[in-house]
Amino acid sequence: MSKSIEELKSLTIQIRRDILRMVHAVNSGHPGGSLGCTEYFTALYGKVMEYRLPFTMEGKNEDLFFLSNGHISPVFYSTLARFGFFPVEELKTFRKLDSRLQGHPTTHEGLPGVRVASGSLGQGLSVAVGAALGKKLDGDKNLVYSLHGDGELQEGQIWEALMFAAHNKVDNLISTIDYNNRQIDGDVDDVLSLGDLHAKLEAFGWTVLNEKNGNDLEAVIAILEKAKSETGNGKPVVIILNTEMGFGIDYMMGTHAWHGKAPNDEQLELGIKQLYLEAPADY
Ligand SMILES: Cc1ncc(C[n+]2csc(CCOP(=O)(O)OP(=O)(O)O)c2C)c(N)n1
Ligand SMILES: [Mg+2]
């Protein structure tokens, strides 16, 4: 049964707790981008995407999702677990030896929900484009979704895939850019600016949508629904989603410092308290 907006908002708090606890437990992982993309994942799996459980790798006649910026695995794993792909208990094994929840997702481990290994930035768009083209060849009407970091767009392979998708009219694909203007070493604008990204993506032949409030669940659902309505028009669709790295945890926001750093015991406690303040009683 589908969840109400209020239930999904509560779930974003739960997912943020999971993210903090997972990276804290092993003193490694990527909380910043994970916290910034929590609304995107909740919207996608809670409202927008059509998928069936149990998970099958073939994914015929259902929507597919590819995570290209694989370092934000904590939000991906928590979302998958909370939506029933695998037991929530398994989140405790994150980044441990022999776990199915590797620091960066792999298909080798057979974790339900993971369709491609990622972590080496720049590759996921090519995979998503190929899968979308495959669906067309199969006469499968469902859609393909993908997520990318803004720093990730500095990889040349992304621009080859952008060009290829437009040329081949891959109009059953909705890619989203996590536009937080942060990356591992600083602000994207300082490291290697993307310039006028909207104009560039348009010039590459994509339908480009913008959402300024990427941490507002209802706004994210609305822009994804809008993107859906733009499919089938001969062009691939991309959403530039403004998010805040570390969203929800005050000391993680406004900086790139928490791109790939775990909170210590005190920071974890503080973070969980901040999330409890917002939480309804039953969580
Ligand atoms: C090919 C490749 N080069 C470098 C890295 C190291 N790396 C991991 S995350 C990251 C920053 C990516 O920035 P962005 O996509 O904006 O992610 P965010 O910091 O916003 O989570 C880099 C350079 C990598 N994973 N893959
Ligand atoms: Mg970024």
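What is the handedness of the crossing of α5 and α6? The crossing is left-handed, a term used where the near helix is turned anticlockwise from the far one by less than a right angle, with right-handed for clockwise. The model is a predicted one, in which local features need pLDDT of at least 70 and side-chain atom pairs count only at pLDDT 80 or more, while totals for chains, interfaces and linings use all residues. Residues are numbered from 1 along each chain as its sequence is written, and chains are lettered from A and ligands numbered from 1 in the order in which they are written.

To begin with the overall fold, the chain holds 10 helices and seven strands (DSSP runs numbered from the N terminus, with H or I and at least four residues for helices, E and at least two for strands). Its radius of gyration, taken over C-alpha atoms, is 18 Å, which agrees with the value near 19 Å for a compact globule of 283 residues (the rule being 2.2 Å times the number of residues to the power 0.38). Along the principal axes, the C-alpha atoms fill a box of roughly 50 × 45 × 35 Å. Of the 283 residues, 47% are buried, meaning that 20 or more other C-beta atoms, placed from the backbone, lie within 10 Å of the residue's own (exposed: 12 or fewer; partly exposed: in between). Among contacts with a separation of 6 or more, 77% join residues 24 or more positions apart; a contact requires C-beta atoms, placed from the backbone, within 7 Å.

Back to the helix pair: the axes of α5 (residues 124-138) and α6 (residues 156-167) come within 8 Å and cross at roughly 20°. Axes here are lines fitted to C-alpha atoms, for helices over the stretch in contact, with angles from 0 to 180 degrees between N-to-C directions. The two helices are therefore roughly parallel, the class for angles under 35 degrees (over 145 is roughly antiparallel, 65 to 115 roughly perpendicular, the rest oblique). Leu125, Ser126 and Val129 of α5 meet Gln157, Ile158, Ala161, Phe164 and Ala165 of α6.

Elsewhere, helix α3 (residues 38-48) is mostly covered, with 10 of its 11 residues buried, among them Glu39, Thr42 and Ala43. Those residues are also contacts of leucine 217, which is found in helix α9 (residues 217-230). Leucine 217 is buried because 21 other C-beta atoms lie within 10 Å. Its contacts beyond four places in sequence also include Leu8, which is 209 residues away in sequence but 8.2 Å away in space, C-alpha to C-alpha.

Definitions and conventions
Contact = placed C-beta atoms within 7 Å.
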